[in-house]
Every structure is written in structure tokens, then in C-alpha cells.
Amino acid sequence: MTKKTRISLVVIISLILAAGAGFIASTQTKAIESFLQVEPVNVASTKQITETLAPGVRKADKNETAEIQKLGKQSKTWVGNANGGYFQVTDFGKRSDVVAGQVNNGLAQTGQFTQTYALKGPQIFIADTKYAANSQNAQMVGHDVGTFAGQMLQQLPQLSKMTAKQINKDFVVVGGYSDAADEKKGQVKEYISFVFTRDQYGNLHMISVESRQDKASVAKNIPTLSNIGHTYTGSKPDNVSFAKHVEK
């Protein structure tokens with residue numbers, strides 16, 4: 001249940017890709033220049049993200065979506081890094097629970113940057129991997145978010161009871177249960193949710209939220225992802241001060 005264990009499923013795979021595994025070449029490659037300019041993102045609402053994932057919760061009841069949306073309205077904390085991006089995480093009333101984790105800056109070598117965060121109380125772990133607009137991997141998928149999501153999902157652990165939806169051209173949402181466990185390797189069963197998106201500068205992002213599989217943990221996982229996806233930006237938010245990449 002350590003931070004190292006909980007982020008390993010997603011972050012380690014991201015690092016393998018950064019080391020040279022890469023994506024399958026896409027026929028949809030477009031001119032890079034148009035993506036290096038500021039372009040507004042079609043932002044998904046928290047409601048859209050929640051309504052996509054809530055039906056996939058095991059043993060969900062008829063009030064599942066409403067209960068998750070209510071949790072998502074609790075207090076939030078900005079986190080982020082100038083090399084990656086910024087977003088709000090739901091802190092469930094306890095900002096001191098939000099801590100920054102490891103950073104892997106491969107922008108100069110591979111065009112990839114990964115930042116991670118944790119919510120200590122609920123044991124939720126967050127990873128954001130950025131693929132720079134001018135990177136080889138972004139070019140290989142034609143800067144297309146749907147193609148990007150499809151390529152990444154081929155590399156990630158198989159999920160059971162998976163729900164997925166492309167909300168718009170800039171947002172793909174995925175969630176499901178990773179049931180593989182290996183105590184010797186410290187691998188535990190998890191619920192993992194994802195947003196695949198781009199920021200206003202054309203950089204592609206894979207954002208994951210990992211939690212335990214019990215219903216209470218999943219009910220906090222989904223609004224955490226919903227708020228991250230809805231607030232994600234490539235620019236530092238105005239009038240927000242940070243200490244160690246977490247809002248003061």
C-alpha cells in the first residue's frame with residue numbers, strides 16, 4: 001500500500017515508453033507547427049466524467065452517480081509543475097493530505113515529463129505524464145487524443161469492468177479494476193481511472209488516479225479524476241502560490 005507500489009502500474013510503463021518502446025506509427029500525423037500555438041481545449045465537465053465512470057463501479061446502486069458528484073464538491077487543492085501542467089485535486093477537506101511525489105523529467109531526451117501526487121488519507125495516487133507537442137510519440141499519433149488513448153491502453157494493465165468514452169475530440173475517459181496481485185512484488189488490486197487529453201499548447205497528457213478497490217475508495221477516486229480532468233491547464237493558475245508543487 002506504499003506510494004511506490006501504487007504508482008508503479010502506470011508510471012513504470014510510462015518510463016518504459018520513454019526509454020524507447022514508443023508508439024505504433026500513425027497515418028494521422030499532422031503538421032506540428034499548428035499544435036505549438038495556443039489553442040483552446042474542449043474541457044469536459046466533472047458531470048460528464050463522473051457519469052462516464054460511475055456505471056462501472058462494482059455493486060453500484062441507483063444513487064452512485066449523485067453520491068460521487070457530492071464528494072466531488074468538497075474542497076480542492078491546486079498542484080502542478082511548470083514543466084508539466086497544473087490541476088486541482090479533491091482533498092476531501094484536508095489539504096495536508098496532498099503531497100507531491102516523484103518527478104521524471106525526460107523532456108530534453110524523449111519529450112516526456114511525469115509528475116506524481118498522493119492523497120495520504122484515502123491512499124489515492126495520481127500520475128500525470130506529458131508528451132510534448134513536438135515529441136516523436138505525439139507525432140506518431142498525429143496529435144490525436146483518441147489515437148493516443150488507444151495506443152496507451154494497449155500498453156497498460158488489462159482492466160475488468162472497464163468503462164470508456166471519448167467525451168469530445170480533446171477528452172477520453174477510462175476506468176476499471178486492475179485485479180492482478182502479487183504480494184512478493186508488492187502489487188495490489190486497484191481501481192484505476194484515466195483521462196487522456198491535451199493542453200492548450202498541444203501537449204498530450206495521460207492522467208491516472210489509482211486507489212484501492214473497496215467502494216468507498218472508488219467513490220473518492222472518480223471525483224478526484226473528474227476535478228483533475230476539468231481543471232487541467234498548461235499554465236500556472238493566477239493568484240495561486242505553491243510550495244513543493246502543492247498549493248499553499
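This is a short walk through a predicted model, stopping at a buried aspartate, some aromatic rings and two unusual backbone angles.

Let us begin with D170, which is found in the loop joining β6 (160–168) to β7 (171–178). Its relative accessibility is 2%, and because anything under 20% is called buried, D170 counts as buried. What does the side chain of D170 meet there? One of its polar atoms lies 2.9 Å from the backbone nitrogen of N42. Beyond its neighbours within four places in sequence, D170 touches P40, V41, N42, V145, F196, T197 and R198.

The aromatic rings make a good next stop, with seven aromatic pairs in the count. Take F87 and Y117: their ring centres are 5.9 Å apart and the planes stand at 90°, so this pair is edge-to-face. F87 belongs to strand β2, while Y117 belongs to strand β4 (residues 112–119), so the pair ties together parts that lie 30 residues apart in sequence. Both partners are buried, F87 at 0% relative accessibility and Y117 at 2%.

A second pair, F194 with F196, is arranged in another way: the two rings are stacked, with 5.8 Å from centre to centre and 15° between the planes. F194 is buried, having a relative accessible area of 1%, and F196 is buried too, at 0%. You have already met F196, as it is among the contacts of D170. Ring pairs also join F194 and F196 with Y131 and F148 in a cluster.

Rings can have charged neighbours as well. The charged end of R58 sits over the ring of Y177, 3.9 Å from the ring centre. K220, in turn, lies over the face of F92, at 5.1 Å from the centre of that ring.

F92 deserves a longer look, and a little background helps. Most residues other than glycine have a negative phi. Yet F92, which is not a glycine, has a positive phi near 50°. Where is F92 placed along the chain? F92 is in the loop between β2 (86–90) and β3 (98–106). With a relative accessibility of 14%, F92 counts as buried.

H245 has a positive phi too, of about 70°, although it is not a glycine. This histidine lies in the loop between β10 (242–243) and β11 (246–247). Is H245 buried or partly exposed? Its relative accessible area is 34%, so H245 is partly exposed.

Notes. Residues numbered from 1 in each chain as written. Predicted model: local features only at pLDDT ≥ 70, side-chain atom pairs only at ≥ 80, totals over all residues. Heavy atoms only, no water. Helix = DSSP H or I, 4+ residues; strand = E, 2+ residues; numbered from the N terminus. Buried < 20%, exposed > 50% of the residue type's maximum accessible area, 1.4 Å probe, protein only. Polar contact = N/O pair within 3.5 Å; in protein donor to acceptor, adjacent residues only side chain to side chain. Contact = heavy atoms within 4.5 Å. Phe/Tyr/Trp six-rings, centres within 6.5 Å; stacked < 30°, edge-to-face > 60°. Lys NZ or Arg CZ within 6 Å of the ring centre and 35° of its normal.
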